[in-house]
Amino acid sequence: MVYELGWNWDQLQLLAQGSVAGHLLECGCQLTGGYYMHPGDIHRNMSFQNLLDLSLPFAEVTFDGKICVAKAEASGGVLNFNTCAEQLLYEIGDPSAYITPDVIIDIQDVTFQPLSESKVLCLGAKPSPASIPQKLLLLRSKDNGWKGWGEISYGGYASILRAKAAEFLVRAWVEELYPGTSNKIVSYIIGLDSLKTSCVEDLSSKTSEDIRLRMDGLFKKEEHAIQLTKEFTALYTNGPAGGGGISTGYRKEIFLEKALVERKHVHWQIYAARNNITSLSTTQNTIHVGKENSTKESRTPQSRPTAAPAGEKIPLYNVAHSRVGDKGNDLNFSIIPHYPPDIERLKMVLTPEWVKNILSPLLDSSSFPDSRDIERRDEWVNGYIGVEIYEVRGVHSLNVVVRNVLDGGVNCSRRIDRHGKTVSDLVLSQQVVLPP
């Protein structure tokens, strides 16, 4: 953009707008309905067929910094205020200081005006007061030990109790050979509690006829990871009845360590090459504010949002939608109300304590924690988990940042959902009571 539009590197307002355009396009079809459609949410539902014809988004950028994001006309999916708001807050920390290499951006007042079913105008990005980052992020790989894991399925009567017995045995066998290593293992039951998106207080009393136990350990020594796989395989001969489909593995693990480098020590060059230009017939294009005519049925959900009821328990799904992003060991999730004025009431409910309480089960090392396990977990949550909640005025939303919650981050996490993507549904599944 700087090259093509003749911008200068000190025109920070233009750089801020241009950087937001890049941020919105970063995840491709997530802006045009991918990873947005939800058949259980009347505000985000669309036909399965509609997802077959998603268009990659593109941006129209003018020399004076006017930004429109768009998709191919008459294509599938949806491009609207809500898809833009979700992508705006994706992988964002403090919205008043979104750090990019070229400029620190304030996106608190960014808003979106749909011009048609396939084009949205983006307004309001500006440079933060400390507008140019003096330190830049450096990621470097670092050894993080060895990971070993195993999975086994149980079906039919008392399958959960058999999974509980299998977990107990594997932990005990590993601990017997290598004392102190069993606390490096996390376990969960796929199909029941692996994502913690439902409240399951006593798994032993639940009924399920198709589950899969997974145990995942992160160890300092390769031999410990290998031993976990051996003990897990022993469930075929020494474990409870009827277990099947065992799979195991181990590998070397690394994680990406963050460091900051002084800007003056970073040297960079830009090369621009012009492609061969093919002669094309051109037509006059004019942006019209309003709704385009389309031969296809509208793809935007048609229900008109209204204020959520007060004083009664309702799932947060009924009030807002959300998307999760991750950076290292931290995650952020957006809370974007279907009815924008509801943001004032949501601010009274979504507190740091509320967030810690609903996310704390993610830190359980077993599907069957006892009271001592829960006490140790809660102490760790209170000591190490940080929660920051920011209001983003332009899109009437909240951005919630949670520190140190991803079990080391995507490179070395022992969880089935390493990125924490499903936390959005964990949050939206919560029952809330909104004030009047």
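**Two pockets in a predicted model**

The second largest pocket has a lining of 34 residues, and those nearest its centre are Leu137, Leu139, Lys258, Lys327 and Gly328. Strands E3 (98-99), E8, E11 (244-262), E14 (324-327), E15 (330-337) and E17 (397-403) each give two or more residues to this lining. E11 supplies the largest share, with 6 residues. This is a predicted model, where local features need pLDDT of at least 70 and side-chain atom pairs count only at pLDDT 80 or more, while totals for chains, interfaces and linings use all residues. Residues are numbered from 1 along each chain as its sequence is written, and side-chain values use heavy atoms, leaving out hydrogens and water.

A pocket here is an open set of points on a 1 Å grid over the protein atoms alone where a 1.4 Å probe fits, with protein on both sides within 12 Å along at least five of seven lines; lining residues have an atom within 4 Å of a point. Helices (H or I, at least four residues) and strands (E, at least two) are DSSP runs, numbered from the N terminus.

Turning to the largest pocket, 45 residues line it, with Asn183, Val186, Leu363, Ser365 and Arg414 nearest its centre. Two or more lining residues come from each of strand E8 (135-155), helix H4 (159-177), strand E9 (185-190), strand E10 (210-219) and helix H9 (371-384). Here H9 gives the largest share, 5 residues.

As for space, the largest pocket holds about 1200 Å³ and the second largest about 1000 Å³, a volume being the space filled by probe spheres set on grid points joined across faces, edges and corners.
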